[in-house]
Amino acid sequence: MFSVMIFLLTIASTSLAFTTVIKNEMKLEDSLKHSMRVLDTDRKLREKVRSIDIPYWENIEKQIDFKIRSGFFNEDEIYIEGIETKRNKNGEANSLSIRWKSGNKIYETVERLNVRQVTGERF
Amino acid sequence: MKDSSSGFSSVYALTVIFILLVIMMSVSLYFGTEIKKAERIESLYEREAIADSVILNVLEDFQDLIVAEFDFVQTEELLKIRRKYESYKLEISDVSTGINKSFLSEKVKAGLETEKLVEVKGEDIIVSYGWINEKYAEESFIAALHEEHRMEDLFPLVCSFPFNNVNFMEEEHIEAVLKYFEIKESKKKAYEIVIKQDYGISEEQLLGILKCKKEAKVLDFLGVKTSFWELKMEVADLKINAVIAAVPDKENQRKVNKYILIKKNIKRN
């Protein structure tokens, strides 16, 4: 009788501890999944910016505008809020800033362009 | 005598503990995998940052090439750069000496017999980098450039920096250029240039061989400095491919004012 009681008590306390652990792990898993999704999306967008190959004799800003309009940056499950061309101190378009939404939060990915325009006042 | 229920309960307890252990192990394995994935992304960002900084360092070192009177395989400044980045397996090559079909008009291409040259020398003679000289480009191409850019902004894209560096040119190509500009003894002169390539040909030597003045039109095609260089490297397990351009001096467009990076491509190995 005593051993049955000990067994039941062990089961009950283990189950309680297990439920608590599982609950916390589920929360952790959700937050980890979210972080991974954010990292993955950021990575995808960076690779997309890096893949832009515009001949050096073209007007980069015009070509990027065209790419945005033609849906180049659209990806499944990424809700893009806005894309902006960033310039360096010489006024040269050198990177892209992409604002995107995941859950209720808005994130920003900024990546340098791999191509450079060779015309302009700075020369 | 032992009660059979004590044995019964410990088997159950062991089974429950075993199942719990299996569940816990699978959860920790899952977390382990996710953490590894995050670490991989983090390490890639770090490696890309290293690669970026190496490219910028090479570009900075390339500025020393401005003072080199002419560029050839043994140019001291180039050798220094090669030595410095030897561990990154740095390869430097001229990617603007050759036939740039995009920037030459049909009339000029026909005059240079480019098709014949490609037939003889193969596709390697075709290049896709170079500055544009308004005098030799297709009018429609220049008109399209004017639509894309402001007229005053076209330098250095449109300039008179020579298309080719004679120190890296093929004999047949030099001969075709000399013939196009009706230079006498084109075959002999092309050969004379080629045999001097290993020692490097200066502007003065080139003028001496061609027996022409500094203002001669043939010098729009023949120069001693390279306008576009391609770099290939391996940094932190990443393959780098970059293109550096020589921006001419606005006042003397046969001279280099600075080198700029116009393209880079970083790929995972």
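## Exercises around strand S4(B) and A:Tyr56

B:Met233 has its bridge partner in S5(B), namely B:Ile240. Keep in mind, as you work through the exercises, that this is a predicted model.

**Exercise 1.** Find out which strands of chain B are joined to S4(B), and by how many bridges.

*Solution.*
- Step 1: start with S5(B), residues 238-248; eight bridges join this strand to S4(B), and the two run antiparallel.
- Step 2: look at the turn. Two residues lie between S4(B) and S5(B), which form a hairpin, and B:Ala236 in this turn has a positive phi of about 45 degrees.
- Step 3: turn to S1(B), residues 91-94, which is joined to S4(B) by four bridges, again in an antiparallel arrangement. Here B:Ser93 has B:Glu230 of S4(B) as its bridge partner.

**Exercise 2.** Decide whether S4(B) is mostly covered or mostly open, and place B:Phe228 in that picture.

*Solution.*
- Step 1: S4(B) spans residues 228-235, and six of its eight residues are buried, so the strand counts as mostly covered.
- Step 2: B:Phe228 has 0% relative accessibility; the cut-off for buried is under 20%, so B:Phe228 counts as buried.
- Step 3: list what B:Phe228 touches, leaving out residues up to four places away in sequence; among its contacts are A:Tyr56, B:Ser93, B:Trp131, B:Val243 and B:Ile262.

**Exercise 3.** Work out which elements of chain B supply at least two residues each to the largest nonpolar core.

*Solution.*
- Step 1: the largest nonpolar core has 50 residues, and those with the most contacts inside it include A:Tyr56, B:Phe228, B:Trp131 and B:Ile262.
- Step 2: in chain B, H1 (4-62), H2 (76-84), H5 (139-148), S4, S5 and S6 (256-268) each supply at least two residues of this core.
- Step 3: the largest share, eight residues, comes from S5(B).
- Step 4: do not merge this core with the second one, which is separate, has 27 residues and includes B:Val108, B:Met169, B:Ala190 and B:Leu222.

**Exercise 4.** Classify the ring pairs that A:Tyr56 makes with B:Tyr129 and with B:Phe228.

*Solution.*
- Step 1: a pair of aromatic rings is described by the distance of the centres and the angle of the planes.
- Step 2: for A:Tyr56 and B:Tyr129, the centres are 5.7 Å apart and the planes at 15 degrees, so the pair is stacked. This pair crosses between chains, with A:Tyr56 in the loop between H1 and H2 (60-69) of chain A and B:Tyr129 in the loop between H4 (114-121) and H5 of chain B. Both residues are buried.
- Step 3: for A:Tyr56 and B:Phe228, the centres are 5.1 Å apart and the planes at 40 degrees, so the pair is tilted. A:Tyr56 lies in a loop of chain A and B:Phe228 in S4 of chain B, so this pair joins two chains.
- Step 4: widen the view. A:Tyr56, B:Tyr129 and B:Phe228 belong to one aromatic cluster, which also includes A:Trp57, B:Phe103, B:Trp131 and B:Phe141. The structure holds 23 aromatic pairs over all chains.

**Exercise 5.** Compare the span of H1(A) with the expected value.

*Solution.*
- Step 1: H1(A) runs over residues 2-50 and has 49 residues.
- Step 2: from first C-alpha to last, H1(A) reaches 70 Å, close to the 72 Å expected at 1.5 Å a residue.
- Step 3: check burial along H1(A); its buried residues include A:Phe7, A:Leu32, A:Leu45 and A:Arg50.

Notes: Residues numbered from 1 in each chain as written. Chains lettered and ligands numbered in written order. Predicted model: local features only at pLDDT ≥ 70, side-chain atom pairs only at ≥ 80, totals over all residues. Heavy atoms only, no water. Buried < 20%, exposed > 50% of the residue type's maximum accessible area, 1.4 Å probe, protein only. Pairing = 2+ DSSP bridges. Core = buried A, V, L, I, M, F, W, Y, C linked by side-chain atoms within 4.5 Å. Contact = heavy atoms within 4.5 Å. Expected span 1.5 Å × (residues − 1). Phe/Tyr/Trp six-rings, centres within 6.5 Å; stacked < 30°, edge-to-face > 60°.
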